[in-house]
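Reader: I am new to this structure. Please take one part, look at it closely, and then show me what surrounds it.

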Amino acid sequence: MRFDPRTKLALLFVWALAVFFSPGLPFEAGMMALAVVFGALCGKARLSVAMFAVYCVTMGIAIALAHVNLGIFSTLFNSFFLLVRRVFPCGLLAAIIVSTTQLNEFMSAFSKMRCPREVTIPLAVMMRYVPAIREDWGYIKDAMRMRGVSPTLGGFLRRPGLTVECLYVPLMMSALNVADELSCASVARGIENPAPRTCYLHIEFGAADAAAVTVAVAVLASAIVLRIVA
């Protein structure tokens, strides 16, 4: 199913609010399950199930450690697992949205929402920036292996100076070059054109979008009510 990009952004916003008002772990687990269903509808069932499995294992470890007194480490672990609890539901939804929505769809959606260009242009550059850096990161690791340098923590501990020289310096130079190239490419493609933006993909708020937003709002309302009652 194809959902409107505006629907996906609304879902992410409502999901963040629902996590904020969440009354506890069972409610957040239910939100994760709903996010898995949404991912399956968007064609990302494998990603959704994998992240849900990681979430379940992490929460299982958290519950097990809650009954063990580790002193100051108990506070440290509890803080970490609480952060994971809060981040995972929104993280799964964000991963589904980013992986199923093209940049031109986001740009067209922001254009229809009358968002200022001061917001849309940096967002477009940022979304193109991360994949470009990821690609260069793979090339740098391959080059390091050809020179016999391991791009791992163990390799850094064994040969810190050479690892920094072969890894961080090329990565910083690559980041600067990618930023310049993306800026030039965006200007060349008319990102500053004041005319209304068009998109070859049809963007429309349909029945599936209304159902998804209704479910998300119901989840948020339930979180607020349960929080008040509790």
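**A close look at α5 and what surrounds it**

Author: α5 is followed by R114, which has a positive phi, near 60 degrees. Start from that helix. This is a predicted model.

α5 covers residues 103-112. Is the helix enclosed or not? Eight of its 10 residues are buried, so α5 is largely enclosed by the rest of the structure. The buried ones are L103, N104, E105, F106, M107, S108, A109 and F110.

α5 also feeds the largest nonpolar core. That core has 30 residues. Six elements give two or more residues to it. They are α1 (5-20), α2 (25-41), α3 (45-65), α4 (72-100), α5 (103-112) and α9 (207-229). Which of them gives the most? That is α4, with seven residues. In soluble globular proteins, nonpolar side chains tend to be buried together.

Four core members touch the most other members: W15, M31, F38 and L92. Take L92. Beyond its neighbours within four places in sequence, L92 is in contact with M32, A35, V36, S48 and M51. A second core stands separate. This one has five residues, including I140, V149, C166 and L167.

Now turn to α2. E28 sits in this helix. Is E28 buried or exposed? It is buried, because its relative accessible area is 0%. Residues up to four places away in sequence aside, E28 touches S22, Y55, R85, R86 and P89.

Two of those contacts are also salt bridges. The side chains of R85 and E28 meet in one, at 2.8 Å from N to O. R85 lies in helix α4 and E28 in helix α2, so this pair ties together parts that are 57 residues apart in sequence. R86 and E28 meet through their side chains as well, at 3.5 Å from N to O. R86 is in helix α4 and E28 in helix α2, so that pair ties together parts 58 residues apart in sequence. R86 itself counts as partly exposed, because its relative accessibility is 28%. Shared partners join E28, R85 and R86 into one network.

How many salt bridges does the whole structure hold? A search finds three. Another of them pairs the side chains of D4 and R6, again with N to O at 2.8 Å. D4 is buried, with a relative accessible area of 2%. R6 is partly exposed, at 24%.

What about disulfides? The structure holds zero. Look at C42 to see why no bond forms there. The closest cysteine sulfur is in C90, and it is 16 Å from the sulfur of C42, too far for a bond. A disulfide needs the two sulfur atoms within 2.5 Å. C42 counts as buried, with 12% relative accessibility. C56 is in no disulfide either. For C56, the nearest cysteine sulfur is again that of C90, 17 Å away. C56 counts as partly exposed, at 38% relative accessibility.

Put the pieces together. α5 is largely enclosed, because eight of its 10 residues are buried. It shares the largest nonpolar core with helices that include α2 and α4. Those two helices are also tied by salt bridges, one of them between R85 and E28. The other runs from R86 to the buried E28.

Conventions
Residues numbered from 1 in each chain as written. Predicted model: local features only at pLDDT ≥ 70, side-chain atom pairs only at ≥ 80, totals over all residues. Heavy atoms only, no water. Core = buried A, V, L, I, M, F, W, Y, C linked by side-chain atoms within 4.5 Å. Buried < 20%, exposed > 50% of the residue type's maximum accessible area, 1.4 Å probe, protein only. Helix = DSSP H or I, 4+ residues; strand = E, 2+ residues; numbered from the N terminus. Contact = heavy atoms within 4.5 Å. Salt bridge = Lys/Arg side-chain N within 4 Å of Asp/Glu carboxyl O.
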